[in-house]
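Colleague: Could you take me through the disulfide and the packing around it? I'd like a close look at that one part, in plain terms.

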Amino acid sequence: GALGNLARGGEESGRRRKVMNISKEDLAKHTNKDSCWVAIHGNVYDLTEFAVEHPPGAESIWELCGTEATEVFKAVHSEGMLDDFADEKLGIYVGSILLNVEK
């Protein structure tokens, strides 16, 4: 990924963490530079650490924390760039949960 596996404590790249379904409500809890999640092209990424490495500056990412930002991303990046962010990918963005049924 963008930060590399060594920076993450050397976790094996072949190991995959469990894919989470992340709702709009969950995404909206991560809205600042201490915890910055952004939904892009149907996936949610934790960009907290990357923001300060973002070449145009961290502010442009911090403005998007907690939001679905595909259109903003597409305006200046190719979707293929996201391939470098496998380590930052948290899960699939499922949008708003209209009905939450507990078992």
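Modeller: Happy to; here is the disulfide, followed by the nonpolar core. Please keep in mind that this is a predicted model.

The structure has one disulfide. It joins C36 and C65, with the two sulfur atoms 2.1 Å apart. In sequence the partners are 29 residues apart, so to speak distant parts of the chain: C36 belongs to strand β3, while C65 lies in the loop between α2 (59–62) and α3 (70–76). The torsion about the S-S bond is about -100°, which makes the disulfide of C36 and C65 left-handed.

Are these cysteines buried or exposed? Buried means under 20% relative accessible area. C36 has 0% relative accessibility, so it counts as buried. C65, at 6%, therefore counts as buried too.

From C36 we can step to L47, which touches C36 as well as V38, I61 and F85, leaving aside residues up to four places away in sequence. L47 also brings us to the largest nonpolar core, which has 14 residues. Within this core, L47 is among the residues that touch the most other members, along with V38, I40, Y45 and I61. Strand β3 (residues 35–40) supplies the largest share of the core, namely three residues. There is also a second, separate core of seven residues, including W37, V44, L90 and Y93.

To pull the threads together: C36 sits in strand β3 and is linked to C65 in the loop between α2 and α3, and C36 is also touched by L47.

Note on methods: Residues numbered from 1 in each chain as written. Predicted model: local features only at pLDDT ≥ 70, side-chain atom pairs only at ≥ 80, totals over all residues. Heavy atoms only, no water. Core = buried A, V, L, I, M, F, W, Y, C linked by side-chain atoms within 4.5 Å. Buried < 20%, exposed > 50% of the residue type's maximum accessible area, 1.4 Å probe, protein only. Helix = DSSP H or I, 4+ residues; strand = E, 2+ residues; numbered from the N terminus. Contact = heavy atoms within 4.5 Å. Disulfide = S-S within 2.5 Å.
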